[in-house]
Protein chains: 2
Amino acid sequence: MKQKLKDAATSAPDQISEKLRKDIYSGRIAAGAQLRQDNLAERYGVSRIPVREALRQLGAEGLVTFHPNRGAVVTSLSLNEVLEMLDIRIALECRALYLAVPNMVDADFESAAKILKAYDREPRATAWGEMNWRFHSAIYAPANRSKLLAMIETNYGHVGRFIRVQVSLAAGKERPQKEHYQILEACKEGNATKAARLLGDHISYTQKSLIAAHRRNRANGAES
Amino acid sequence: MKQKLKDAATSAPDQISEKLRKDIYSGRIAAGAQLRQDNLAERYGVSRIPVREALRQLGAEGLVTFHPNRGAVVTSLSLNEVLEMLDIRIALECRALYLAVPNMVDADFESAAKILKAYDREPRATAWGEMNWRFHSAIYAPANRSKLLAMIETNYGHVGRFIRVQVSLAAGKERPQKEHYQILEACKEGNATKAARLLGDHISYTQKSLIAAHRRNRANGAES
DNA sequence: TGAATTGAAATTGTATACCGTTCGGGATAT
DNA sequence: ATATCCCGAACGGTATACAATTTCAATTCA
């Protein structure tokens with residue numbers, strides 16, 4: 001478990017926060033988990049100082065929450081908060097797509113179509129999340145707005161760990177894929193407004209799936 | 001210059017980052033300024049450790065930029081980066097307004113109108129920025145999306161220090177105010193789509209003003 | 001039996017000390 | 001005069017040490 005850091009390529013806090021970010025995004029460190037400074041310091045072979053700085057960074061990104069004198073835990077979001085993050089996804093991604101459409105060339109359509117075809121052939125549900133991101137980021141890339149795209153990626157990663165399990169199994173991939181093809185078609189037509197509207201509906205459907213899944217859990221599982 | 005921190009209300013890094021944030025937003029610490037850890041530590045009566053943690057937080061928010069082994073400086077944005085931040089403003093604020101309109105009641109219209117009237121009567125250009133924010137945040141509030149609103153506020157604050165000087169003087173307040181009244185009118189009609197469109201045009205006009213101001217500066221001032 | 005208490009271990013928070021890098025100025029060489 | 005080198009001061013980065021707080025279990029008291 002003890003993994004050394006590369007020396008001096010980037011600063012220690014940055015390396016640590018990057019590793020933690022991945023672990024949190026991927027779900028290897030679950031929501032609500034305590035992040036003990038001593039553990040992390042020993043794992044990365046450093047003192048607690050750079051660990052604390054990494055945690056502060058992640059705190060500012062919203063990935064971890066600080067409790068005064070009680071340390072940091074991986075942020076855990078309520079259903080309503082996840083729905084709000086999806087609202088933010090709608091805002092950012094629709095704008096990015098709207099700006100991207102006028103800049104798209106044939107190569108962009110082809111690479112996006114290629115991703116969708118691979119998606120069709122992919123049987124493993126665990127890989128769908130990655131393919132979904134590859135499609136979405138591919139159609140936003142022509143917007144050529146690095147800050148906007150960075151925000152989208154952060155937001156997407158953050159919300160991902162809460163929707164992967166429930167949605168990809170519950171909603172399957174048929175309907176999302178159909179919508180992906182429709183969005184790509186609107187892009188080919190050069191109709192930015194239509195593409196953005198379809199994308200909004202697409203993400204909004206995720207919101208509805210989440211709400212439905214939550215209602216189902218409430219009905220089946222224990223109360224609370 | 002030495003200002004003590006309140007004891008233990010919130011953590012020292014949080015208090016320090018909050019003060020620094022205000023100083024940067026208000027322009028009291030200019031873009032590009034070096035943030036010396038010793039100075040800040042002495043000013044706040046603490047060691048460099050909590051100062052460094054505060055800087056890391058601000059770094060994650062994009063307000064300061066770290067140069068390895070050379071410390072932190074207040075982030076400075078190019079024209080294109082400011083324009084991109086305004087694109088993000090359009091994305092987030094149009095969505096917030098779109099979600100807010102269906103939730104608005106008469107009291108919301110009245111308080112927004114009151115802000116606009118006070119804005120009309122305000123002669124000091126330095127106060128316009130604050131009034132502008134009061135109007136904008138007032139019409140987004142009924143969306144009842146705390147995370148979205150927090151993102152909007154962060155983004156607005158961040159971009160503010162780059163546009164205040166040039167735009168408020170160059171564009172005056174006549175045209176923005178006219179647009180504010182039009183937006184409020186669309187809200188009263190309950191036409192969320194129209195309100196969002198007008199808001200997008202409103203912010204987009206800021207982009208155009210910035211570009212024009214930049215072109216003017218280029219023409220008048222020194223080369224580079 | 002159960003609630004309140006206390007004290008030690010665990011953990012966070014921060015000051016101090018030390019190491020490594022960067023930067024600027026002066027000496028030397030061309 | 002200009003360029004290069006070197007050294008020392010200044011500064012950033014992090015390990016260590018210590019102080020403060022929380023936690024939890026054992027103990028005491030009702």
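Student: Let me get the wording straight: a nonpolar core is a set of buried Ala, Val, Leu, Ile, Met, Phe, Trp, Tyr and Cys residues joined through C-beta atoms within 7 Å. Which residues of the largest one touch the most other members?

Tutor: L97(A) and L97(B), out of the 76 residues in that core. "Buried" takes 20 or more other C-beta atoms within 10 Å of a residue's own, "exposed" takes 12 or fewer, and "partly exposed" is in between, with C-beta atoms placed from the backbone. One thing to keep in mind is that this is a predicted model, where local features need pLDDT of at least 70 and side-chain atom pairs pLDDT 80 or more, while totals for chains, interfaces and linings use all residues. Residues count from 1 along each chain as its sequence is written, and chains are lettered from A and ligands numbered from 1 in the order written.

Student: Thanks! What does L97(A) touch, leaving out residues up to four places away in sequence?

Tutor: I139(A), Y140(A), A195(A), A196(A) and L199(A). Contact here means C-beta atoms, placed from the backbone, within 7 Å.

Student: And α4(A), is that helix mostly covered or mostly uncovered?

Tutor: Mostly covered, as 17 of the 22 residues of α4(A) are buried. Over the 224 residues of chain A, the buried share is 35%.

Student: Zooming out, how many helices and strands does chain A have?

Tutor: There are 9 helices and 3 strands in chain A. They are DSSP runs numbered from the N terminus, H or I of at least four residues for helices and E of at least two for strands. Going along the sequence, chain A reads α-β-α-α-β-β-α-α-α-α-α-α.

Student: What about the dimensions of chain A?

Tutor: The C-alpha trace of chain A spans about 55 × 50 × 30 Å along its principal axes. As for how chain A is wired, take its contacts with a separation of 6 or more: 74% of them link residues 24 or more positions apart.

Student: Switching to the DNA. Which residues are closest to strand D?

Tutor: A12(A), V46(A), S47(A), N69(A) and G71(B) are the closest of the 20 residues surrounding DNA strand D. "Near" means a C-beta atom, placed from the backbone, within 6 Å of the strand. Both chains contribute: α1 (12-25) and α3 (48-61) of chain A, along with α2 (37-44) and α3 (48-61) of chain B, each give at least two residues to that surface. The largest share, 3 residues, is from α3(A).

Student: And which come nearest to DNA strand C?

Tutor: Around DNA strand C there are 19 residues, and Q37(A), G71(A), A12(B), V46(B) and S47(B) come nearest. Two or more residues each come from α2 (37-44) and α3 of chain A, and from α1 (12-25) and α3 of chain B. Here α3(B) has the largest share, with 3 residues.

Student: A12(B) is on that list. Where is it, and is it buried or exposed?

Tutor: A12(B) is in helix α1 of chain B, and it is buried, with 20 other C-beta atoms within 10 Å. Between the C-alpha atoms of A12(B) and K178(B), which are 166 residues apart along the chain, the separation is 44 Å.

Student: You also mentioned N69(A) by strand D. What is its phi?

Tutor: The phi of N69(A) is near 65°, a positive value in a residue other than glycine. N69(A) is in the loop between β2 (64-67) and β3 (71-74) of chain A. With 7 other C-beta atoms within 10 Å, N69(A) is exposed.

Student: Where does N144(A) lie?

Tutor: In the loop between α6 (125-140) and α7 (146-171) of chain A. N144(A) is not a glycine either, and has a positive phi of about 60°. N144(A) counts as partly exposed, having 14 C-beta neighbours inside 10 Å.

Student: Last topic, the protein interface. How many residues of chain B contact chain A?

Tutor: 24 residues of chain B are in contact with 24 residues of chain A. On the chain B side, α3, α4 (79-100) and α7 (146-171) each supply at least two residues. The most come from α4(B), with 10 residues.

Student: Why do you say the copies meet through the same surface?

Tutor: Because 100% of the interface residues of chain B are also interface residues in chain A.

Student: And what rotation puts chain B on chain A?

Tutor: A rotation of 180° with 0.0 Å of shift along its axis, at an RMSD of 0.1 Å. That is how a two-fold axis relates copies. The fit is by least squares on C-alpha atoms of residues with pLDDT of at least 70 in both.

Conventions: Two residues are in contact if their C-beta atoms, placed from the backbone, lie within 7 Å.
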